[in-house]
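Colleague: I'm new to this one and would like a close look at a single part, the pairing of strands, rather than a tour of everything. Could you take me through it slowly and then show me what lies around it?

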Amino acid sequence: MSKDAILGAIRRGLKRGPLPADQRAMLDGRLATHPRHLIPARSRVPRPEQIALFIRNVEKEFGTVARVADAAEIPGAIADYLAAQNLAPRFVLAPHPELAALPWADKPLLEFEARRAEATDAVSVQHGYAAIAETGTLMLPSDATRPTTLNLLAETEVVVLRTSRIMGAYEEAWDTLRREGTDATTGGIGTPSTTRNVADGRPFMPRNVMLVTGPSRSADIEQTLELGAHGPRRLHIVLLDDDAADPPAQAPAAAPAQAAPAAATKAPTPKRGKARTGSTAPPEA
Amino acid sequence: MVQVTSPAFKQNAARALADAGLQKALGKAKGAFLQRRAEAVARLPEFEALRDIGRDIKNHTLANLDFYLETYAANVERAGGTVHWCSTADEARAAVLGICQRAGARTVTKGKSMISEEIAVNDHLEKHGIEPVETDLGEYIIQLRREHPSHIIAPAFHLNREDWEADFRRMHTDLDPNRVFNERRDILAEARTKLRSRFLAADVGITGANFLIAETGSSVIVTNEGNGDLTQTLPRVHIALASIEKVVPTLEDATSLLRLLARSATGQDFSVYTTFSTGARRPGDLDGPEEYHVVLIDNGRSNMIGSEFQDMLRCIRCAACMNHCPVYGATGGHAYGWVYPGPMGSVLTPSLVGIDKAALLPNASTFCGKCESVCPVKIPLPNLMRHWREREFERHLTPATVRRNLGLWAWFAKRPQAYRIATRLAVGALKLLGGRKGSFRSLPLAGGWTEGRDLPVPEGGTFMARYAQQQRKR
């Protein structure tokens, strides 16, 4: 059959038969350890600079960022953004528990439904799983709580992201996905007996992982980049400062919904945290 | 496969050079890509080191291609997808049609895919009553015009803004004929509106793949528009078309290559959408396709393994080689006469359609070496073109006069004494004939040269004579 014909032709070209067991084992080992290659120095910087690099890169790619110091401020930040863009205060929301727990009642004018996106939705609010400072890229994996259509159909996409989920390089985001892939608390990424990580047999790869860098564009007309192709015309990130490195006034690992009532006593300057490599706080406790 | 008109390269090129619209488009577009690539490379000091890494990852994969393809296919199936192994374009077309027919498809949306051009799947679907709709902006207008892409990442490289406006007015007859296109973005907005309903109505979505990942069984697409993602997310069935050399071992390997791809291609640090698809919709998912198929295509590539052309299989289709090529810059992509233009096409096309049909392509190069110097995976393109010229000569495909003259030159070249006498005579004769004019407008036996440019009159003696003179002075 064609499979045998193709593999046979490759082996003839390589002047050998199927790989012997020891060489297969070596290649299996490479898959299991998935070694990293060179990681550019630009993202090998202390945490605050990594976050600044992320924001700078998002803005370079025509995205926008609003920072909030507390989860309770997120509904207001979304309302303000929509008003500033002259958009109706109506959106489709990712059915993610962390978003559902936000104090939406504080902004009664906001109308939303938690579901997948439809063609008629003008604005979507997505849950940001992780982000990569190196190029200002969002990592948006699909699962029941983060439908892919939210990244595609609306003209305006708002992504709610925690600073603790900003990584330096893509490799760190992949390892986060590998680590949390079967963790039920992350929203069920990966389903047992579907995708298998060769390393330890754990499934981790979601059906769809989008790495998104800025709003949709095309360079097909005279090779000049123009914004507003088939995906969102606007990409706005509401960035919640939750890095554990921030002044430890409150319990650092508190979930946002629980942290919300503590907003009144929030630290005054949460943006200038001390350098810290990698977040130890559970992503969605 | 797509009709091969490569044997008519000379006529194609002459026509291209005389085409004012094409020349205008080429002049405008080329500079943009070159400058943006140079800026993106300058922003990343590690770029050169990454090129070596990219080359090594691809070489490692090709040396174990059977293993990685089997691992990849096993992981696709573990994730609930199906792999269709296809040796030929015919098999691949049949596989795609079969999937579409089983899905009861009437319309199929498509993301940009060069392998789809290679196997001419659109014609095949149309013949069987299924309508393919290209959704990449460039591919969309190419389909309206019933043309082929002239560039592997910018299909409408050969068109000017006026062409877009005229074609949109001609084809979108339901819209106000007096509407005004003030800006490029007005053209973009119209395409967005027109295509939105097609995305929603499609039964099957077909994309290509920039990479396949053995570790996870994922296919990766890289786009700026989001059309590829709409194509693979909204319909009930997703088909990814991919050639066998697209596989890489791990996410880390793909990541290193992705750091090279967008910078080399459009000069972006990263494309807007880089998307990894693994299997079909999972339990609990609210969207995504219910079926996920990979049509894995050989179509001549396995024969390149172990040959002097194996290096070509490292290609990640960034188009930097054609963007920097003076020949491509003068003729555009259509002159090359098949799917892949520019230097990478001049090496790949003979491998896939046969040197007998594509012998002129490896000759359509000045060997300036720019293509090799910008290639993100360091493919020695000029060297590979030279291998094809050797094969062409061995197989007596070279025209008789060229062979005769090369033979004559070789006779002299192997007899230094005779060579020196002959060149001394020739230089003397040219000086005598040329006198003080400085150059010849035309010269018997050298019409091929003087047709396009003047031949300068030789100054001084031959190289050997001047060398001897210098030696005596010391």
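Modeller: Let's start with the word "pair": two strands pair if DSSP finds at least two bridges between them. Keep in mind as we go that this is a predicted model.

The pairing I'd look at is between chains. Strand S9 of chain A, residues 208–212, pairs with strand S9 of chain B, residues 273–277, in the antiparallel sense and over five bridges. To find your place in that pairing, look for A:Val209, whose bridge partner in S9(B) is B:Phe276.

Now step back to the sheet that holds those two strands. It is an open sheet of eight strands, in the order S8(A)-S5(A)-S6(A)-S9(A)-S9(B)-S6(B)-S5(B)-S8(B), and its pairing is mixed. At the edges stand strand S8 of chain A (166–167) and strand S8 of chain B (247–248); each has a single partner strand, so one side of each is left without a neighbour in the sheet. On the chain A side, S8(A) is joined to strand S5 of chain A, residues 130–132, by two bridges, and those two strands run parallel. There, A:Ala131 stands opposite A:Ile166 in S8(A). As background, strands of a sheet pair through backbone hydrogen bonds, either parallel or antiparallel.

The contact between the chains takes in many residues besides the strands we began with: 86 residues of chain B are in contact with 68 residues of chain A. On the side of chain B that touches chain A, helix H10 of chain B (residues 184–201) gives the most, with nine residues. Sort the residues of that side of chain B by kind and you get 35 nonpolar, 31 polar and 20 charged.

Next, a bit more of chain A. Chain A has seven helices and 12 strands, and 50% of its 285 residues count as buried. If you take contacts in chain A between residues at least 6 apart in sequence, 71% join residues at least 24 apart. A good strand to look at is S7 of chain A, residues 156–162, where seven of its seven residues are buried. That goes for both faces of S7(A): A:Thr156, A:Val158, A:Val160 and A:Arg162 are buried on one side, and A:Glu157, A:Val159 and A:Leu161 are buried on the other. S7(A) pairs in the parallel sense with strand S4 of chain A (residues 123–127), over five bridges, and also in the parallel sense with strand S12 of chain A (residues 234–240), over seven bridges. A:Val159 is a handy landmark for both pairings: A:Gln126 stands opposite A:Val159, while in S12(A) the bridge partner of A:Val159 is A:Ile237.

For a contrast with those buried residues, try A:Leu227, which lies in strand S11 of chain A (residues 226–227). It counts as partly exposed because it has 19 C-beta neighbours inside 10 Å, and a residue needs 20 or more to be buried. Leaving out residues up to four places away in sequence, A:Leu227 touches A:Phe62, A:Pro215, A:Arg217 and A:Arg233.

Over in chain B, there are 22 helices and 12 strands. Of its 474 residues, 51% count as buried. Chain B also has an open sheet of six strands, in the order S1-S10-S7-S4-S2-S3, with parallel pairing. Strand S1 (82–86) and strand S3 (131–134) of chain B are at the edges, each with a single partner strand, so one side of each is left without a neighbour in the sheet. On average, neighbouring strands of this sheet are turned by 20° against each other, direction ignored. Within that sheet, three bridges join strand S2 of chain B (residues 107–110) to strand S4 of chain B (residues 204–207), and the bridge partner of B:Val108 in S4(B) is B:Val204.

As for the outline of chain B, its C-alpha trace spans about 90 × 60 × 45 Å along its principal axes. A compact globule of 474 residues would have a radius of gyration near 23 Å, and chain B has 26 Å, which agrees.

Finally, the confidence scores. Chain B averages a pLDDT of 94, with 100% of the residues scoring at least 70. The model scores ipTM 0.92 and pTM 0.89.

Notes: Residues numbered from 1 in each chain as written. Chains lettered and ligands numbered in written order. Predicted model: local features only at pLDDT ≥ 70, side-chain atom pairs only at ≥ 80, totals over all residues. Helix = DSSP H or I, 4+ residues; strand = E, 2+ residues; numbered from the N terminus. Rg over C-alpha atoms; globule rule 2.2 N^0.38 Å. Buried ≥ 20, exposed ≤ 12 C-beta atoms within 10 Å, placed from the backbone. Axes fitted to C-alpha atoms, helices over the stretch in contact; angles between N-to-C directions. pLDDT = per-residue confidence, 0-100. Contact = placed C-beta atoms within 7 Å. Nonpolar A, V, L, I, M, F, W, Y, C, P; charged D, E, K, R; others polar.
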